[in-house]
Amino acid sequence: MGFSRSDWRLMIATVVAAVAAGVTHFGKIGGTVIPFVVAALALALLASLVGRSVEALGDRLGAGATGVVQSALGNLPELFVVLFALQKKLYDVATATIVGSILANVLLVLGLAFLLGGIKHGPQKFGSDAARTLSMLLTLSVAALLVPSLTAALGSHATKAALHERNLSVVVSILLLGLFVASLPSAIKRQKAGEAPAAAGETALVTVGAGESTAKKTDAAATASAAEKTGTAERTGGAEDGPHGPSWPLAVALTMLAVTGVGAAFVSDWFVAALEPAMDSLGISQAFAGLVIVAIAGNAVENVVGIQLALKNQSDYALSVILQSPLQIALVVAPALVLLSPLVGASFTLVLSPLLIAVLIMSVVITVLVVLDGESNWLEGATLMVLYGIIATAFWWG
């Protein structure tokens, strides 16, 4: 069927963790903390398997389609978690998860990649043009997310604006999703037959969640194209068995994606059900649970890939992989949650608390400043991680 040893290990671990999560949920086993921990582990593994299925599907459809499929389906577990949290009226968890998913990538994961890559290889360089493109799109997407919050808090008619925050959030969400849809034609175009992967000085398409943008040097789409041609793509579940690891047939990739999607929906429900008792037992706030625990659980295993690329001194690829995730959150997941929340009896908006606004702006600005010079080192990575730790601590009590 085309499964490698790492694929089998990931699938077996996922099934075991999902079954354990179901047993602890329905059997009321382990008090309040054990079901939560097991469900979080199962959710992280399912997120990894969803990502692997999406990657395999993209491999079969072509290089350009990989980023499109990833943008549309790669965050299914996180989407389900937030929807179930909204259903249970855990609004602070939901809003903090959106912000936390962005912060975890631009501070914690990028910081780890810079730290470990810098320790192993010294200062690492990446394409400054690609870095500028990613930074620009990240800044613009976060700015769009913040407009409803700033309008409600700082508008000259703030009280009146607050009455229309739902409508404004819907308009912003539709526009952001419209931008994503408008980018699809260029994203789906495949590379011409026989065209070499983009190298220094050549032009490639950077797949960045909302779509693609022209940039020079290496990027995420170049990674996907090179993977198609050489068979050495990085797999979410780990390294392939050899330099020419097996590829999943299209039917297998579609079936696996459907199964993992359904599994993610069930496990997300169990995870959220265990979340409230665990928060009360551990004495943590909804904001911390969303900002740190839920955000990391939904992306943890997938984000290991970016760190592995940095350790292999593939800093261009690492930067693209890591920064794609927050772009997907800002331009696809958050707008989708605004539009889908009425289906679970909730009214989710893009209006954030002042502290969430402040840490989001601060984190994105600092990240942009760090990557714009086209070079990273271990100290920059350590600084990003320390900032993440400080922000997480600030939300421990609410």
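Student: Where does Asn 313 lie?
Tutor: Keep in mind that this is a predicted model. Follow the chain out of helix H11 (286-311), and before H12 begins you come to a loop. Asn 313 lies in that loop, between helix H11 and H12.

Student: Is Asn 313 buried, partly exposed or exposed?
Tutor: Its relative accessible area is 41%. Buried means under 20% and exposed means over 50%, with partly exposed in between. So Asn 313 is partly exposed.

Student: What is the phi of Asn 313 near?
Tutor: Asn 313 is a residue other than glycine, yet its phi has a positive value. Lys 89, in the loop between helix H4 (76-87) and H5, also isn't a glycine and has a positive phi of about 65°. For Asn 313, phi is near 65°.

Student: What relative accessibility does Lys 89 have?
Tutor: Lys 89 sits in a loop, the one between helix H4 (76-87) and H5. It counts as partly exposed because that label covers values between 20% and 50%, and its relative accessibility is 43%.

Student: Which residue forms a salt bridge with Glu 375?
Tutor: In general, side chains of opposite charge can pair when their charged atoms come close. The count here comes to one salt bridge. In the pair made by Glu 375, the closest N and O atoms are 2.5 Å apart, and the cut-off is 4 Å. The partner of Glu 375 is Lys 125.

Student: How many residues apart in sequence are the parts that this pair ties together?
Tutor: Glu 375 forms its salt bridge with Lys 125. Glu 375 lies in strand S4 (residues 375-376) and Lys 125 in strand S1 (residues 124-125), so the pair ties together parts whose separation in sequence is 250 residues.

Student: Of Glu 375 and Lys 125, which one is exposed?
Tutor: Glu 375 has 27% relative accessibility, so it counts as partly exposed. Over 50% is what exposed takes, and a relative accessible area of 60% belongs to Lys 125.

Student: How much space lies in the second largest cavity?
Tutor: Rolling a probe the size of a water molecule over the atoms shows where empty space is left. The count comes to four cavities of 30 Å³ or more. For the second largest cavity, the space is about 80 Å³.

Student: Which helix gives the largest share of that cavity's lining?
Tutor: The residues lining the second largest cavity include Ile 98, Val 99, Ala 334 and Leu 350. By class, the lining has nine nonpolar, one polar and no charged residues. The largest share is three residues, and they come from helix H5 (residues 91-121).

Student: Is Leu 350 in that lining buried or exposed?
Tutor: Leu 350 is placed in the loop between helix H12 (315-340) and helix H13 (354-371). It is 16 residues from Ala 334 in sequence, and their C-alpha atoms are 7.8 Å apart. Since its relative accessible area is 5%, and the limit is under 20%, Leu 350 is buried.

Student: What area does the nonpolar surface patch with Val 23 have?
Tutor: Val 23 is in helix H1 (residues 5-26). At 44% relative accessibility it counts as partly exposed, and a patch residue needs over 30%. Together with Val 15, Val 19 and Ile 29, Val 23 makes a patch of about 340 Å².

Definitions and conventions
Residues are numbered from 1 along each chain as its sequence is written. This is a predicted model: local features need pLDDT of at least 70, side-chain atom pairs count only at pLDDT 80 or more; totals for chains, interfaces and linings use all residues. Side-chain values use heavy atoms; hydrogens and water are left out. Patches are made of residues with over 30% relative accessible area and no salt bridge: like charges are joined within 9 Å, nonpolar side chains (Val, Leu, Ile, Met, Phe, Trp, Tyr) within 5 Å. Accessible areas come from the Shrake-Rupley method with a 1.4 Å probe; for residues, only the protein chains shown count as cover. A salt bridge is a side-chain nitrogen of Lys or Arg within 4 Å of a carboxyl oxygen of Asp or Glu. Helices (H or I, at least four residues) and strands (E, at least two) are DSSP runs, numbered from the N terminus. Buried means under 20% relative accessible area, exposed over 50%, partly exposed in between (1.4 Å probe, protein chains only). On a 1 Å grid over the protein atoms alone, a cavity is a set of points where a 1.4 Å probe fits but cannot get out, and a pocket is an open set with protein on both sides within 12 Å along at least five of seven lines; lining residues have an atom within 4 Å of a point. Grid points are joined across faces, edges and corners, and a volume is the space filled by probe spheres set on the points. Ala, Val, Leu, Ile, Met, Phe, Trp, Tyr, Cys and Pro count as nonpolar, Asp, Glu, Lys and Arg as charged, and the others, Gly among them, as polar.
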